[in-house]
Amino acid sequence: MSYPQAHHGPRLYDFRSDTVTKPTPAMLAAMAAAEVGDDVWGDDPTVNRLQAVAAERLGFEAGLFAPSGTQSNLIGLLTHCQRGDEYLVGQDAHTYKYEGGGAAVLGSIQPQPLENAADGSIPLAKLQKAVKPRDAHFARTRLLALENTIGGKLLPAAYVAEATAWAKGIGLATHLDGARLANAAVASARSLREMSAGFDSVSLCLSKGLGAPVGSLLLGSRAFIDEAKRWRKMLGGGMRQAGILAAAGLYALDHHLERLAEDHENAARLAQGLAALPGLSVLAPQTNIVFVSVDAAIAERFAAHLAGQGILISGSTEQRWVTHLDVDAAAVDAALAVAQRFFG
């Protein structure tokens, strides 16, 4: 996955990411009506309600509202680990690969990246082998960090149960980067609480498929969240009248969770249509992310054709198309029509 630069040309439909969603009129109304206070003092009633609602739904004692998923993940890692500790993480995981090396740079936490299997898991045998001996020569293995979904794929439920039980059995804490955990829950017909079982902390992003403009939640025990608040303040994540943003998150949790199934259906239709075109190899999606390998001979021209017709995607030879709140079935049909015109 690569992160594209800003696009300034014609824009018909934006498939670059589910982060591009705009607040709906009903969400904007909820934001405008939000009761607010100073959240750094703990006085914002809407933020407090969002944190409590999310904690209850995911099965934790407490929650913390942060500006971004990158920050909520980093706060989680900093709260679990001390300087000289390490965390076990997948080579393709967002916390390792796409968050600027924050744990190492800002927390002196050593990542131990391990190759992900095809299904997104980190094989248990690799995890077991990576745990360091209790010896002054080594960083202290402290935490197992998983991600669900990862690259749009669902972590197998049996694997999650086995890996978290193993970690707990040897005294490791567990953190889940659940940026798209809502997609995982809907795709597997399980609750957010069930998807969070076995983890000491979970990060849940509100500004991707759930459609809020800003924000992520970190969930954990009350003691864990009390410590996490200090890290949030240190990282500059303490916001004041943040209830305006929290109201969007509450609206998203109440109204945009089940509709993620539409995104998954649209992704499947998109994948089927693209797979019928010459020179394109399409990986069938499990959720809302479609990966397309394009013949190198046509890749740049095909990507330019899409952009020129207002269809925004990520990449050229290796493309990523993401369905979301702002691209419905009609948008998928329009995008496929544009793609088909390239091939005559």
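**Entry 1: helix 10, the buried side**

I began with helix 10 and looked up its buried residues: Phe-224, Ile-225, Ala-228, Trp-231 and Arg-232. I keep in mind that this is a predicted model. Seen down the helix axis, these buried residues fall within an arc of 110°, so they line one face of helix 10.

What do the buried residues of helix 10 pack against? I found two helices' worth of names to note, helix 2 (45-58) and helix 3 (69-80). The list also holds strand 2 (62-66), strand 7 (201-205) and strand 8 (216-220).

**Entry 2: helix 10, the other side and the end**

Next I turned the helix around. On the other side of helix 10, Ala-223 and Arg-230 are exposed.

Then I checked its length. Helix 10 covers residues 222-234, which is 13 residues. From first C-alpha to last it reaches 19 Å, close to the 18 Å expected at 1.5 Å a residue.

What follows helix 10? I found Gly-236 there, with a positive phi near 85°.

**Entry 3: Thr-149**

I moved on to a loop. Thr-149 sits between strand 5 (140-147) and helix 7 (157-169). Is Thr-149 buried or exposed? Its relative accessibility is 4%, and the cut-off for buried is under 20%, so Thr-149 counts as buried.

I also looked up its contacts, leaving aside neighbours within four places in sequence. Thr-149 is in contact with Leu-154, Arg-180, Ala-184 and Thr-287.

**Entry 4: the annotated domain**

I checked the UniProt record, an unreviewed entry. It places the feature "domain: Aromatic amino acid beta-eliminating lyase/threonine aldolase" at residues 14-296. In the model, that span is 42% helix and 18% strand. The C-alpha atoms at its two ends lie 23 Å apart.

**Entry 5: the whole protein**

Last, I stepped back to see the whole chain. I noted 14 helices and 12 strands in the protein. Its C-alpha atoms fill a box of roughly 65 × 50 × 35 Å along the principal axes.

How does the radius of gyration fit a compact globule? For 344 residues a compact globule would have a value near 20 Å, and the protein has 20 Å, which agrees.

I then asked about burial and surface. Buried residues make up 52% of the 344 residues. The protein exposes about 14,900 Å², and carbon and sulfur atoms supply 54% of that.

My final look was at contacts along the sequence. Among contacts between residues at least 6 apart, 73% join residues at least 24 apart.

How values were computed:
Residues are numbered from 1 along each chain as its sequence is written. This is a predicted model: local features need pLDDT of at least 70, side-chain atom pairs count only at pLDDT 80 or more; totals for chains, interfaces and linings use all residues. Side-chain values use heavy atoms; hydrogens and water are left out. UniProt positions are given in the numbering used here, feature names are shortened, and annotations may be inferred rather than shown by experiment. Helices (H or I, at least four residues) and strands (E, at least two) are DSSP runs, numbered from the N terminus. The expected span of a helix is 1.5 Å times one less than its number of residues. Buried means under 20% relative accessible area, exposed over 50%, partly exposed in between (1.4 Å probe, protein chains only). The arc is that of the directions from the helix axis to the C-beta atoms. Contact means heavy atoms within 4.5 Å. The radius of gyration is taken over C-alpha atoms; the globule rule is 2.2 Å times the number of residues to the power 0.38. Accessible areas come from the Shrake-Rupley method with a 1.4 Å probe; for residues, only the protein chains shown count as cover.
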